Amino acid sequence: MAAGTCVNPQRTEEKTAFHIGNMAYRAMLEEVYTSPKPGLVDLYSSGSHKDMNVVSFERSAAALEPFFAAMALEGLKFSDTPRLLFDRIRRMGLSAEAVMYKATDGVNTHKGLIFHMGIISGAAGACIGTYGAVTLKRLMEMEQAMVRETLIKEVKEMREFTSNGEKNLHQYGTAGARGEAISGYSSVCRIALPTMEKGLREGRDWNRIKLETLFMLMSRVEDSNILARHNPTVLMEVQNTARDFLRAGGAYTNKCMLTLKRLDEDFIKKNISAGGCADLLALAIFMVELVKGPGKERSLWNSGSWRAGR
(Lines give C-alpha, C1' and ligand atoms only; values in the text may rest on other atoms or scores of the structure.)
Protein backbone atom coordinates (compact mmCIF):
# COMPACT_ATOMS: atom_id res chain seq x y z
CA MET A 1 0.00 0.00 0.00
CA ALA A 2 1.41 3.41 -0.92
CA ALA A 3 2.29 5.82 1.86
CA GLY A 4 -0.62 8.00 2.90
CA THR A 5 -3.28 5.67 1.43
CA CYS A 6 -6.34 5.46 3.66
CA VAL A 7 -9.00 2.74 3.33
CA ASN A 8 -12.52 3.64 4.44
CA PRO A 9 -13.79 0.52 6.28
CA GLN A 10 -17.43 1.47 5.78
CA ARG A 11 -17.01 1.77 2.02
CA THR A 12 -15.11 -1.54 1.94
CA GLU A 13 -17.95 -3.28 3.83
CA GLU A 14 -20.56 -1.81 1.51
CA LYS A 15 -18.62 -2.91 -1.56
CA THR A 16 -18.36 -6.45 -0.19
CA ALA A 17 -22.07 -6.55 0.65
CA PHE A 18 -23.00 -5.21 -2.78
CA HIS A 19 -20.95 -7.98 -4.40
CA ILE A 20 -22.74 -10.66 -2.37
CA GLY A 21 -26.14 -9.18 -3.26
CA ASN A 22 -25.18 -9.15 -6.93
CA MET A 23 -24.20 -12.82 -6.78
CA ALA A 24 -27.61 -13.62 -5.29
CA TYR A 25 -29.30 -11.64 -8.07
CA ARG A 26 -27.36 -13.43 -10.80
CA ALA A 27 -28.10 -16.82 -9.23
CA MET A 28 -31.84 -16.09 -9.37
CA LEU A 29 -31.52 -15.26 -13.07
CA GLU A 30 -29.37 -18.35 -13.69
CA GLU A 31 -32.16 -20.50 -12.24
CA VAL A 32 -34.99 -19.07 -14.32
CA TYR A 33 -32.87 -19.07 -17.50
CA THR A 34 -32.11 -22.79 -17.06
CA SER A 35 -34.16 -24.40 -19.83
CA PRO A 36 -36.22 -26.45 -20.37
CA LYS A 37 -37.42 -27.17 -16.82
CA PRO A 38 -40.59 -29.32 -16.73
CA GLY A 39 -43.46 -27.50 -15.06
CA LEU A 40 -41.31 -24.50 -14.16
CA VAL A 41 -40.89 -21.02 -15.59
CA ASP A 42 -38.05 -20.90 -18.12
CA LEU A 43 -37.14 -19.47 -21.51
CA TYR A 44 -39.49 -21.88 -23.29
CA SER A 45 -42.69 -21.57 -21.27
CA SER A 46 -44.32 -20.49 -18.03
CA GLY A 47 -44.68 -24.13 -17.05
CA SER A 48 -47.52 -24.80 -14.63
CA HIS A 49 -47.68 -21.13 -13.60
CA LYS A 50 -50.36 -19.06 -15.30
CA ASP A 51 -49.61 -15.91 -13.31
CA MET A 52 -45.86 -15.50 -13.99
CA ASN A 53 -43.19 -15.68 -16.66
CA VAL A 54 -39.48 -14.94 -17.15
CA VAL A 55 -40.12 -11.19 -17.02
CA SER A 56 -41.83 -11.61 -13.63
CA PHE A 57 -38.72 -13.35 -12.32
CA GLU A 58 -36.40 -10.72 -13.76
CA ARG A 59 -38.37 -7.91 -12.12
CA SER A 60 -38.49 -9.77 -8.83
CA ALA A 61 -34.76 -10.53 -8.85
CA ALA A 62 -33.89 -6.90 -9.58
CA ALA A 63 -36.14 -5.71 -6.75
CA LEU A 64 -34.61 -8.16 -4.27
CA GLU A 65 -30.93 -7.60 -5.07
CA PRO A 66 -30.54 -4.59 -2.70
CA PHE A 67 -32.11 -6.57 0.14
CA PHE A 68 -29.60 -9.40 -0.16
CA ALA A 69 -26.81 -6.84 -0.19
CA ALA A 70 -28.28 -5.27 2.94
CA MET A 71 -28.52 -8.69 4.61
CA ALA A 72 -24.87 -9.36 3.78
CA LEU A 73 -24.01 -6.01 5.35
CA GLU A 74 -25.90 -7.04 8.48
CA GLY A 75 -23.74 -10.17 8.53
CA LEU A 76 -20.60 -8.06 8.40
CA LYS A 77 -21.85 -5.91 11.28
CA PHE A 78 -23.26 -8.66 13.52
CA SER A 79 -20.92 -11.57 12.82
CA ASP A 80 -20.31 -12.13 16.54
CA THR A 81 -24.03 -12.48 17.38
CA PRO A 82 -25.41 -14.97 14.82
CA ARG A 83 -28.83 -15.49 16.39
CA LEU A 84 -29.44 -11.76 16.55
CA LEU A 85 -28.27 -11.57 12.95
CA PHE A 86 -30.89 -14.14 11.92
CA ASP A 87 -33.61 -12.17 13.70
CA ARG A 88 -32.62 -8.97 11.92
CA ILE A 89 -32.48 -10.71 8.54
CA ARG A 90 -35.95 -12.19 8.98
CA ARG A 91 -37.39 -8.76 9.68
CA MET A 92 -35.69 -7.45 6.55
CA GLY A 93 -37.14 -10.41 4.68
CA LEU A 94 -40.67 -9.20 5.39
CA SER A 95 -39.86 -5.90 3.72
CA ALA A 96 -38.28 -7.78 0.82
CA GLU A 97 -41.48 -9.80 0.36
CA ALA A 98 -43.56 -6.64 0.15
CA VAL A 99 -41.25 -5.19 -2.50
CA MET A 100 -41.32 -8.48 -4.43
CA TYR A 101 -45.11 -8.47 -4.54
CA LYS A 102 -45.12 -4.85 -5.68
CA ALA A 103 -42.64 -5.62 -8.48
CA THR A 104 -44.67 -8.62 -9.70
CA ASP A 105 -48.20 -7.23 -9.25
CA GLY A 106 -48.91 -9.57 -6.35
CA VAL A 107 -47.28 -12.76 -7.66
CA ASN A 108 -45.10 -14.94 -5.41
CA THR A 109 -41.98 -15.49 -7.50
CA HIS A 110 -39.26 -15.74 -4.84
CA LYS A 111 -40.75 -15.92 -1.32
CA GLY A 112 -38.91 -19.16 -0.53
CA LEU A 113 -35.66 -17.79 -1.90
CA ILE A 114 -35.93 -14.65 0.22
CA PHE A 115 -35.72 -16.97 3.24
CA HIS A 116 -32.91 -19.16 1.88
CA MET A 117 -30.77 -16.52 0.20
CA GLY A 118 -31.30 -14.09 3.04
CA ILE A 119 -29.80 -16.61 5.46
CA ILE A 120 -26.87 -17.40 3.19
CA SER A 121 -26.25 -13.73 2.33
CA GLY A 122 -26.08 -12.92 6.03
CA ALA A 123 -23.92 -15.96 6.74
CA ALA A 124 -21.52 -15.00 3.93
CA GLY A 125 -21.18 -11.49 5.32
CA ALA A 126 -20.62 -12.89 8.81
CA CYS A 127 -17.94 -15.26 7.52
CA ILE A 128 -16.07 -12.34 6.00
CA GLY A 129 -16.58 -10.32 9.16
CA THR A 130 -15.19 -13.14 11.30
CA TYR A 131 -12.62 -14.85 9.07
CA GLY A 132 -12.11 -12.48 6.16
CA ALA A 133 -13.15 -15.22 3.73
CA VAL A 134 -15.99 -17.52 2.66
CA THR A 135 -15.47 -21.27 2.54
CA LEU A 136 -18.23 -23.86 2.32
CA LYS A 137 -17.41 -25.31 5.75
CA ARG A 138 -17.40 -21.93 7.48
CA LEU A 139 -20.51 -20.80 5.60
CA MET A 140 -22.49 -23.78 6.89
CA GLU A 141 -21.11 -23.45 10.41
CA MET A 142 -22.21 -19.82 10.48
CA GLU A 143 -25.62 -20.69 9.03
CA GLN A 144 -26.15 -23.29 11.76
CA ALA A 145 -25.12 -20.86 14.48
CA MET A 146 -27.63 -18.39 13.09
CA VAL A 147 -30.73 -20.54 12.59
CA ARG A 148 -30.64 -24.00 14.11
CA GLU A 149 -31.77 -23.37 17.68
CA THR A 150 -34.43 -20.84 16.69
CA LEU A 151 -35.96 -22.91 13.90
CA ILE A 152 -35.99 -26.18 15.83
CA LYS A 153 -37.92 -24.42 18.59
CA GLU A 154 -40.35 -22.95 16.05
CA VAL A 155 -41.06 -26.32 14.46
CA LYS A 156 -41.63 -27.98 17.84
CA GLU A 157 -43.89 -25.22 19.15
CA MET A 158 -45.83 -24.44 15.96
CA ARG A 159 -49.58 -24.28 16.52
CA GLU A 160 -50.71 -22.18 13.56
CA PHE A 161 -50.18 -23.46 10.01
CA THR A 162 -50.69 -20.72 7.44
CA SER A 163 -48.06 -21.03 4.68
CA ASN A 164 -47.89 -23.99 2.30
CA GLY A 165 -44.78 -25.25 4.06
CA GLU A 166 -46.47 -25.06 7.46
CA LYS A 167 -49.57 -26.82 6.16
CA ASN A 168 -47.33 -29.58 4.76
CA LEU A 169 -45.69 -29.89 8.17
CA HIS A 170 -49.07 -30.26 9.85
CA GLN A 171 -50.46 -32.71 7.28
CA TYR A 172 -47.43 -34.72 6.18
CA GLY A 173 -44.74 -34.01 8.78
CA THR A 174 -42.33 -32.43 6.28
CA ALA A 175 -40.33 -29.46 7.57
CA GLY A 176 -39.96 -27.64 4.23
CA ALA A 177 -37.77 -24.54 4.09
CA ARG A 178 -37.19 -24.59 7.84
CA GLY A 179 -36.09 -28.21 7.61
CA GLU A 180 -33.54 -27.40 4.92
CA ALA A 181 -32.07 -24.63 7.03
CA ILE A 182 -32.04 -26.79 10.17
CA SER A 183 -30.20 -29.53 8.28
CA GLY A 184 -27.47 -27.15 7.17
CA TYR A 185 -28.90 -27.23 3.65
CA SER A 186 -28.08 -30.91 3.30
CA SER A 187 -29.94 -31.17 -0.02
CA VAL A 188 -27.72 -28.45 -1.46
CA CYS A 189 -24.46 -29.67 0.10
CA ARG A 190 -24.96 -33.41 -0.43
CA ILE A 191 -26.90 -33.48 -3.71
CA ALA A 192 -26.71 -30.22 -5.68
CA LEU A 193 -23.14 -29.08 -5.10
CA PRO A 194 -21.45 -32.45 -5.79
CA THR A 195 -23.51 -32.75 -8.99
CA MET A 196 -22.46 -29.28 -10.11
CA GLU A 197 -18.84 -29.90 -9.19
CA LYS A 198 -18.76 -33.14 -11.21
CA GLY A 199 -20.26 -31.43 -14.26
CA LEU A 200 -17.88 -28.48 -14.01
CA ARG A 201 -14.89 -30.78 -13.55
CA GLU A 202 -15.89 -32.70 -16.68
CA GLY A 203 -16.31 -29.49 -18.68
CA ARG A 204 -20.02 -29.98 -19.33
CA ASP A 205 -22.30 -27.31 -20.77
CA TRP A 206 -23.45 -25.00 -17.95
CA ASN A 207 -27.16 -25.16 -18.80
CA ARG A 208 -27.04 -28.96 -18.81
CA ILE A 209 -25.17 -29.00 -15.50
CA LYS A 210 -28.00 -26.97 -13.98
CA LEU A 211 -30.61 -29.30 -15.48
CA GLU A 212 -28.77 -32.36 -14.17
CA THR A 213 -28.59 -30.74 -10.74
CA LEU A 214 -32.30 -29.91 -10.79
CA PHE A 215 -33.23 -33.50 -11.58
CA MET A 216 -30.90 -34.85 -8.92
CA LEU A 217 -32.78 -32.67 -6.46
CA MET A 218 -36.18 -33.66 -7.85
CA SER A 219 -35.30 -37.33 -7.48
CA ARG A 220 -34.67 -37.05 -3.73
CA VAL A 221 -36.13 -33.90 -2.19
CA GLU A 222 -39.60 -33.76 -0.63
CA ASP A 223 -40.62 -30.77 -2.71
CA SER A 224 -42.99 -28.60 -0.69
CA ASN A 225 -44.58 -27.05 -3.77
CA ILE A 226 -45.56 -30.43 -5.20
CA LEU A 227 -46.98 -31.49 -1.84
CA ALA A 228 -48.95 -28.25 -1.51
CA ARG A 229 -50.47 -28.64 -4.97
CA HIS A 230 -51.01 -32.39 -4.76
CA ASN A 231 -50.05 -35.11 -2.27
CA PRO A 232 -47.25 -37.57 -1.38
CA THR A 233 -48.34 -39.96 -4.14
CA VAL A 234 -47.76 -37.36 -6.85
CA LEU A 235 -44.48 -36.38 -5.18
CA MET A 236 -43.31 -39.99 -5.37
CA GLU A 237 -44.32 -40.15 -9.04
CA VAL A 238 -42.24 -37.03 -9.79
CA GLN A 239 -39.27 -38.45 -7.89
CA ASN A 240 -39.52 -41.68 -9.89
CA THR A 241 -39.79 -39.73 -13.15
CA ALA A 242 -36.65 -37.80 -12.23
CA ARG A 243 -34.80 -41.02 -11.38
CA ASP A 244 -35.83 -42.55 -14.71
CA PHE A 245 -34.53 -39.48 -16.52
CA LEU A 246 -31.20 -39.69 -14.71
CA ARG A 247 -30.85 -43.45 -15.29
CA ALA A 248 -31.37 -42.86 -19.00
CA GLY A 249 -28.34 -40.56 -19.07
CA GLY A 250 -29.85 -37.40 -17.63
CA ALA A 251 -29.14 -33.96 -19.07
CA TYR A 252 -25.97 -35.03 -20.87
CA THR A 253 -27.61 -37.15 -23.58
CA ASN A 254 -28.32 -35.96 -27.12
CA LYS A 255 -32.07 -36.62 -26.78
CA CYS A 256 -32.55 -35.06 -23.36
CA MET A 257 -34.01 -31.77 -24.65
CA LEU A 258 -36.82 -33.58 -26.44
CA THR A 259 -37.48 -35.62 -23.31
CA LEU A 260 -37.57 -32.51 -21.15
CA LYS A 261 -40.01 -30.74 -23.46
CA ARG A 262 -42.30 -33.78 -23.38
CA LEU A 263 -42.08 -33.83 -19.59
CA ASP A 264 -42.90 -30.13 -19.54
CA GLU A 265 -46.11 -30.78 -21.47
CA ASP A 266 -47.00 -33.61 -19.09
CA PHE A 267 -46.28 -31.59 -15.95
CA ILE A 268 -48.30 -28.64 -17.26
CA LYS A 269 -51.30 -30.90 -17.86
CA LYS A 270 -50.98 -32.29 -14.33
CA ASN A 271 -50.27 -28.88 -12.74
CA ILE A 272 -46.94 -30.09 -11.33
CA SER A 273 -44.22 -27.63 -10.36
CA ALA A 274 -41.09 -28.57 -8.44
CA GLY A 275 -40.70 -25.01 -7.16
CA GLY A 276 -38.92 -26.08 -3.99
CA CYS A 277 -36.20 -27.82 -6.00
CA ALA A 278 -35.90 -24.78 -8.27
CA ASP A 279 -35.23 -22.65 -5.19
CA LEU A 280 -32.51 -25.08 -4.07
CA LEU A 281 -30.96 -24.96 -7.54
CA ALA A 282 -30.75 -21.16 -7.32
CA LEU A 283 -29.26 -21.42 -3.84
CA ALA A 284 -26.66 -23.93 -5.05
CA ILE A 285 -25.63 -21.59 -7.87
CA PHE A 286 -25.32 -18.76 -5.34
CA MET A 287 -23.16 -20.86 -3.04
CA VAL A 288 -20.91 -21.96 -5.90
CA GLU A 289 -20.28 -18.31 -6.70
CA LEU A 290 -19.72 -17.38 -3.05
CA VAL A 291 -17.09 -20.05 -2.56
CA LYS A 292 -15.53 -19.60 -5.98
CA GLY A 293 -15.15 -15.86 -5.62
CA PRO A 294 -14.17 -13.41 -8.36
CA GLY A 295 -11.51 -14.47 -10.83
CA LYS A 296 -11.53 -18.17 -9.96
CA GLU A 297 -12.71 -21.25 -11.79
CA ARG A 298 -16.09 -22.58 -10.66
CA SER A 299 -14.99 -25.16 -8.12
CA LEU A 300 -16.11 -25.80 -4.57
CA TRP A 301 -13.49 -28.27 -3.55
CA ASN A 302 -10.21 -26.77 -4.74
CA SER A 303 -8.58 -24.94 -1.87
CA GLY A 304 -10.07 -21.64 -2.94
CA SER A 305 -12.17 -19.28 -0.87
CA TRP A 306 -13.37 -15.78 -1.56
CA ARG A 307 -11.60 -13.07 0.40
CA ALA A 308 -13.03 -9.60 0.77
CA GLY A 309 -11.13 -6.91 -1.09
CA ARG A 310 -9.66 -9.12 -3.81
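A residue counts as buried when its relative accessible area is under 20%, as exposed when that area is over 50%, and as partly exposed in between. Keep that in mind as you work through these exercises on a predicted model.

**Exercise 1. Get an overview of the protein: what share of its residues is buried, and how many helices and strands does it have?**

Solution.
- Step 1: start with burial. Of the 310 residues in the protein, 51% are buried.
- Step 2: look at the elements. There are 13 helices and 2 strands.
- Step 3: turn to the surface. The accessible surface is about 14,400 Å², and carbon and sulfur atoms hold 50% of it.
- Step 4: check the contacts. Take those with a separation of 6 or more: 72% of them link residues 24 or more positions apart.

**Exercise 2. Find the nonpolar cores: how many residues does the largest one have, and which residues have the most contacts inside it?**

Solution.
- Step 1: the largest nonpolar core has 86 residues. Met117, Ile120, Leu139, Phe286 and Met287 have the most contacts inside it.
- Step 2: ask who supplies this core. Helix H13 gives the largest share, with 13 residues.
- Step 3: look for another core. One of 6 residues lies apart from it, and its members include Val32, Met52, Val54 and Val107.

**Exercise 3. Check helix H8: what span should it have, and how far apart are its end C-alpha atoms?**

Solution.
- Step 1: H8 covers residues 186-201, which makes 16 residues.
- Step 2: at 1.5 Å a residue, counting one less than the number of residues, H8 should span 22 Å.
- Step 3: compare. The end C-alpha atoms of H8 are 21 Å apart, so the two values agree.
- Step 4: now follow the axis. H8 bends by about 30 degrees at Ala192, and Pro194 comes within four residues after that.
- Step 5: see what is hidden. The buried residues of H8 include Cys189, Ile191, Leu193 and Met196. Their cover includes helices H5, H7, H9 and H13.
- Step 6: look past the end. Gly203 follows H8 and has a positive phi, near 75 degrees.

**Exercise 4. Two residues that are not glycines have a positive phi, Tyr185 and Asn271. Is Tyr185 buried or exposed? And what about Asn271?**

Solution.
- Step 1: place Tyr185. It sits in the loop between H7 and H8, with a phi of about 50 degrees.
- Step 2: apply the cut-off. Tyr185 has 0% relative accessibility, so it counts as buried.
- Step 3: place Asn271. This residue is in the loop between H12 and H13, and its phi is about 60 degrees.
- Step 4: apply the cut-offs again. Asn271 has 35% relative accessibility, so it is partly exposed.

**Exercise 5. Explore the loop between H1 and H2: where does the side chain of Thr34 find a polar partner, and which bond is cis?**

Solution.
- Step 1: Thr34 belongs to this loop and is buried, because its relative accessible area is 0%.
- Step 2: a polar side-chain atom of Thr34 lies 2.7 Å from the backbone oxygen of Glu30.
- Step 3: set aside neighbours within four places in sequence. Thr34 then touches Asp42, Asn207, Lys210, Leu211 and Leu281.
- Step 4: Pro36 is in this loop too. The peptide bond joining Ser35 and Pro36 is cis, with omega about -10 degrees.

**Exercise 6. Look around Ala123: which residues does it contact, leaving aside neighbours within four places in sequence?**

Solution.
- Step 1: find Ala123 in helix H4. Its relative accessible area is 0%, so it is buried.
- Step 2: list the contacts. They are Leu139, Met142, Glu143 and Met146.
- Step 3: add a distance. Ser79 is 44 residues away along the chain, and its C-alpha atom is 8.1 Å from that of Ala123.

Methods
Residues are numbered from 1 along each chain as its sequence is written. This is a predicted model: local features need pLDDT of at least 70, side-chain atom pairs count only at pLDDT 80 or more; totals for chains, interfaces and linings use all residues. Side-chain values use heavy atoms; hydrogens and water are left out. The bend at a residue is the angle between axes fitted to the seven residues ending there and the seven starting there. Buried means under 20% relative accessible area, exposed over 50%, partly exposed in between (1.4 Å probe, protein chains only). Contact means heavy atoms within 4.5 Å. A polar contact is a pair of N or O atoms within 3.5 Å; within protein, one must be able to donate a hydrogen and the other to accept it, and residues adjacent in sequence count only if both atoms are side-chain atoms. A nonpolar core is a set of buried Ala, Val, Leu, Ile, Met, Phe, Trp, Tyr and Cys residues joined through side-chain atoms within 4.5 Å. Accessible areas come from the Shrake-Rupley method with a 1.4 Å probe; for residues, only the protein chains shown count as cover.
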